[in-house]
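Thanks for coming. I will show one structure and then walk through a few parts of it.

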Amino acid sequence: MSIQTNDLSMQTARAPSRRIRAVMRNHMSLLFAAAMLLVILMVYASLGRGVLTIEELNIDSAAALTLVLAATAQTIVMMRGGIDLSIGGIISLGTSVFATQVGDSAISVMVWSAIVLAGGALIGALNGWIMTTFRLQPFLVTLAMWSILSGVAMMVLPTDGGKVPGWWISFANEKLYGIVMPVWLIAALLLFWVWFAATRTGTTIKAVGSSAKAAYLSGVSEMRVNMVCYGLSGLFAAMAALYLTTQIGAGSPNIGSDYILASVAASVIGGVSLFGGRGHLLGTVIGAFILTIIGNLIFVLRISSYWQPVASGAILLCAVLVTSIIEKKTRASSS
């Protein structure tokens, strides 16, 4: 009896450690991204910068928000197992339309913001409808859409320019309790994700990303999933376009191209699987901050800007290798 009691006590004692190991294994990519951000912040702090200050948080968040929104768009479709290159075209066209059409009044800003957001969501939903109806690869459909939208953006605004209200430009500097609006928006985005991931739509997208065949056999509508995924992606890309106009104070027909690979990199660095079914927006936000702070570091160190893509690519490669190793170990432990 005493032997059985001791065995039961040992099993009870081991249970929490097993759960901790399981949680760490499931979130290893996120922990790796957080560790990378910590190392980069330590290097940044060693240069005498006030890293852990509200002022630095305000500056970095304002600089990173466009990429955070673009990467959110990418994260949603990557969770489903796809990719969205058209976000570059949506951002370019969104800034071009807004900067050429908006007036100075608050009503005009609200109307044209709604038009840009609705346009982004419709373009994304159209991507989902086309690839499902004609059984086309997401890469090809969104690549073609990117090209089309870039051409339309050039027709709307051939060169950088346009005009946006002065009070719209100052949005990023508005403070609430000493914290600028971009910080509050990122916090709201993370809360949205907590809610969204728990909804039926969120769990369905993750299930399709994990095993599309099993999900469809259980009655999930492929058309609905694709249109919702890419519709949300287009919506967040349009949000990135609107925020970008507050930063540059104008429209640009080519600026969206800069966010295509960067959004993929931020998502992958943050632990979102290229094969779908795994990831968290918190990791994507961390990835976006890593890429933004690397740009700051290169500027502070007065290193040639040509080294920024080199450094970003090296970090992305490390993240892909770590993700690959983790996925192999996860599959091995579950088999």
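Which helix does Val 310 lie in? Val 310 lies in helix H14. Before going further, please note that what you see is a predicted model.

Let me stay with Val 310 for a moment. It counts as partly exposed, because its relative accessibility is 45%, and partly exposed covers the range between 20% and 50%. Val 310 is also one of the residues in a nonpolar surface patch of about 680 Å². The other members of that patch are Leu 47, Phe 299, Val 300, Leu 301, Ile 303 and Trp 307. Two helices each supply at least two residues of the patch: H13, which covers 281-300, and H14, which covers 307-334.

Now the chain as a whole. There are 335 residues, and buried ones make up 45% of them. The secondary structure comes to 14 helices and two strands. The chain exposes about 16900 Å², and carbon and sulfur atoms supply 70% of that area. As for contacts between residues at least 6 apart in sequence, 79% of them join residues that are at least 24 apart.

Next, helix H4, residues 87-101. How far apart are the end C-alpha atoms of H4? They are 21 Å apart, which agrees with the 21 Å that its 15 residues should span at 1.5 Å a residue. Of those 15 residues, 13 are buried, so H4 is largely enclosed by the rest of the structure.

Ile 90 is found in this helix. Is Ile 90 buried or exposed? It counts as buried, because its relative accessibility is 4% and the cut-off for buried is under 20%. If we set aside the neighbours within four places in sequence, Ile 90 is in contact with Gly 120, Ile 123, Leu 149, Gly 234, Ala 237, Ala 238 and Ala 241. There is also a pairing to point out with Met 145: the two residues are 55 apart in sequence, while their C-alpha atoms are 9.0 Å apart in space.

On to helix H5, residues 106-133, where Ser 108 is found. Ser 108 counts as buried, because its relative accessibility is 15%. Neighbours within four places in sequence aside, Ser 108 is in contact with Val 102 and Gly 103.

Then helix H12, residues 258-269. From first C-alpha to last, its twelve residues reach 17 Å, close to the 16 Å expected at 1.5 Å a residue. How many of the twelve residues of H12 are buried? Nine are, and the helix is mostly covered. The buried ones are Tyr 259, Ile 260, Ser 263, Val 264, Ala 265, Ala 266, Ser 267, Val 268 and Ile 269. After H12 comes Gly 271, which has a positive phi, near 100 degrees.

Last, the cysteines. A disulfide is a covalent bond between the sulfur atoms of two cysteines. How many disulfides does a search of the whole structure find? It finds zero. Two cysteines are still worth pointing to on the screen. Cys 229 counts as buried, because its relative accessibility is 0%. Cys 318 counts as partly exposed, because its relative accessibility is 40%.

That is the end of my part.

Definitions and conventions. Residues are numbered from 1 along each chain as its sequence is written. This is a predicted model: local features need pLDDT of at least 70, side-chain atom pairs count only at pLDDT 80 or more; totals for chains, interfaces and linings use all residues. Side-chain values use heavy atoms; hydrogens and water are left out. Helices (H or I, at least four residues) and strands (E, at least two) are DSSP runs, numbered from the N terminus. Buried means under 20% relative accessible area, exposed over 50%, partly exposed in between (1.4 Å probe, protein chains only). Contact means heavy atoms within 4.5 Å. Accessible areas come from the Shrake-Rupley method with a 1.4 Å probe; for residues, only the protein chains shown count as cover. Patches are made of residues with over 30% relative accessible area and no salt bridge: like charges are joined within 9 Å, nonpolar side chains (Val, Leu, Ile, Met, Phe, Trp, Tyr) within 5 Å. A salt bridge is a side-chain nitrogen of Lys or Arg within 4 Å of a carboxyl oxygen of Asp or Glu. A disulfide is a pair of cysteine sulfur atoms within 2.5 Å. The expected span of a helix is 1.5 Å times one less than its number of residues.
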